[in-house]
Structures are given as structure tokens and as C-alpha cells.
Amino acid sequence: MKLLVLDTETLGLQDQRIYDLGYVIYDTETESVVCERNYIIKQIFDNLELMQTAYYNNKRPIYEQRLADGYCKRVYWGVALRILEKDLKRYEPDGIWAYNSRFDHRAFEKTCEKLNSKINPVADGIADIMEVISGITETEDYQEFCRKNGFLTKHKKPQPQRKAETLYRYLTDNVDYEEEHTGLEDSLIELEILLTALGLA
């Protein structure tokens, strides 16, 4: 079985155009990542005025360094979509997953609409990792971890957080871990969460 996990970084909640798309494809038989992609979208990222409005605009130096190092590639949105489409045909993953996938699905739709893209490889939907994490979050061990470290929601009756960052802190026993909020890195931690949730880790 193969699983594709993706993550998008967008300008913000209101303007969901994607400037960073990362994804990994994992083969459960070989227990290895068989494909890693990280694309910085030219039409958005190269528009300096537009990027000034991005919620995580302060991360631009990280991207500039990674582009220089070849860690990620700057491509047009249409190119990123065609490569994703080819990877889906080549690896035939059994599922496309994301954490809080509704956000990423909308982001794809908005970016395709704004940049006049005729193809959308995830148009049929993205499975939500949050739908399968209860086997972790409902355990007393996880809930005690959250209570002990203050990882609780701000509700009137606080509940253990269900954020990817908090789950990864629990899985790695690293309370100081901070989610990077970049496409490929977040895809990799979300893959670990998914594999654990599915009993494949």
C-alpha cells in the first residue's frame, strides 16, 4: 500500500493561494518514503508585494536558502500540478491525505481558480488525518501528556489539543517541538502521525 501526504502553505485564511506545496509518498511494504516533492509557486512567491501579506512572510529567508541549496524548487503552479498528476499515475497511492484536509482542498481550488488552472489532481477530495487520530488522542496517556504540559484548548472546559504539532510532540516525547509550517517538513511529521494512527508505524 502507498500513501500520499501533502501540506500547503497559503497567503492566509482569507486569501488561500498556495505558495508552498509539499508532499511525500510512503510505501508501507518497504516502510520507506519513495517520493518527496517541495515546490515554491512562482506566481505567488515571486510577487514580493503579494508575499508581504502572507501570514508566514517572515519565513521567506528560509525558502530563499532552501531554493539556493536545491532543497525545494521554484516552479509555476501548472508545472507543480502536472508533476503531482504524474506522481499519482506512477505510484498509484491508495489515498491522498492531509491534516485538516478541508483547508488544503479549498486552497487547491482557490489557487486553481485564481491562476486559471484546468487540472486539479485532488479535485475528488483529500482524506483527513484528523478523522483517524482518535486512537491516539483518546488514550489516557495522550490526555495526561496534554494536561501535564498545558497542551489544552481554550474552551470553557479545556480539552487536549488535536493539533499536528501537539501529536508530534507526544509521539516523539519532545515537548519543545515547534511545527515549521513549511510544506515538505509538515508533510513528513503528518505522515508519522498518520502511520501511527493507522497502526503502521
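This is a short tour of one structure, stop by stop, with something to select at each. Keep in mind that you are looking at a predicted model.

**Stop 1: helix α7**

Start by selecting residues 140–149, which make up helix α7. Which residues of this helix are buried? Colour Y142, Q143, F145 and C146, and you have them. Now turn the view until you look down the axis of α7: the buried residues fall within an arc of 155°, so they line one face of the helix. Give another colour to E140, D141 and K148, which are exposed on the other side of α7.

What covers the buried residues? Show α6 (134–137) and α8 (164–172), which are among the parts that do. While you are here, click on C146: its relative accessible area is 0%, so C146 counts as buried.

Next, pick out E144 and R147. They form a salt bridge, and their closest N and O atoms are 3.3 Å apart. Why are these two separated by about one helical turn? Because they sit three residues apart in helix α7. Both ends can be checked for exposure: E144 is partly exposed at 40% relative accessibility, and R147 is partly exposed with a relative accessible area of 40%.

Before you leave, step along to G150, which follows α7 and has a positive phi, near 75°.

**Stop 2: a buried charge, D20**

Go to strand β2 (residues 18–27) and select D20. D20 is buried, yet has no salt bridge. How far away is the nearest side chain of opposite charge? That side chain belongs to R66, and it is 6.6 Å away. Show N38 too: the side chains of D20 and N38 make a polar contact at 2.8 Å. If you display what D20 touches beyond its neighbours up to four places away in sequence, you will find residues including D7, T8, Y39, Y63 and T182.

**Stop 3: R66 and its partner**

Keep R66 on screen and add E180. These two form a salt bridge, with the closest N and O atoms 2.6 Å apart. R66 lies in helix α3 (residues 60–69) and E180 in the loop between α8 and α9 (183–197), so the pair ties together parts that are 114 residues apart in sequence. Are the two buried or partly exposed? R66 is buried, with a relative accessible area of 17%, while E180 is partly exposed at 23%.

**Stop 4: more salt bridges**

A general point helps here: side chains of opposite charge can pair when their charged atoms come close. The structure has eleven salt bridges by the rule used. For one of them, select R37 and D87, whose closest N and O atoms are 2.8 Å apart. R37 is in strand β3 (residues 32–41) and D87 is in helix α4 (residues 77–91), so this pair ties together parts that are 50 residues apart in sequence. R37 is partly exposed, with a relative accessible area of 24%; D87 counts as buried, at 3% relative accessibility.

**Last stop: cysteines**

How many disulfides does the structure hold? Zero. Select C112 to see an example: C112 is in no disulfide, and the nearest cysteine sulfur, that of C35, is 19 Å away. C112 is buried too, with a relative accessible area of 6%.

Key: Residues are numbered from 1 along each chain as its sequence is written. This is a predicted model: local features need pLDDT of at least 70, side-chain atom pairs count only at pLDDT 80 or more; totals for chains, interfaces and linings use all residues. Side-chain values use heavy atoms; hydrogens and water are left out. Buried means under 20% relative accessible area, exposed over 50%, partly exposed in between (1.4 Å probe, protein chains only). Helices (H or I, at least four residues) and strands (E, at least two) are DSSP runs, numbered from the N terminus. The arc is that of the directions from the helix axis to the C-beta atoms. Contact means heavy atoms within 4.5 Å. Lys and Arg count as positive and Asp and Glu as negative; His and the chain ends are not counted. A salt bridge is a side-chain nitrogen of Lys or Arg within 4 Å of a carboxyl oxygen of Asp or Glu. A polar contact is a pair of N or O atoms within 3.5 Å; within protein, one must be able to donate a hydrogen and the other to accept it, and residues adjacent in sequence count only if both atoms are side-chain atoms. A disulfide is a pair of cysteine sulfur atoms within 2.5 Å.
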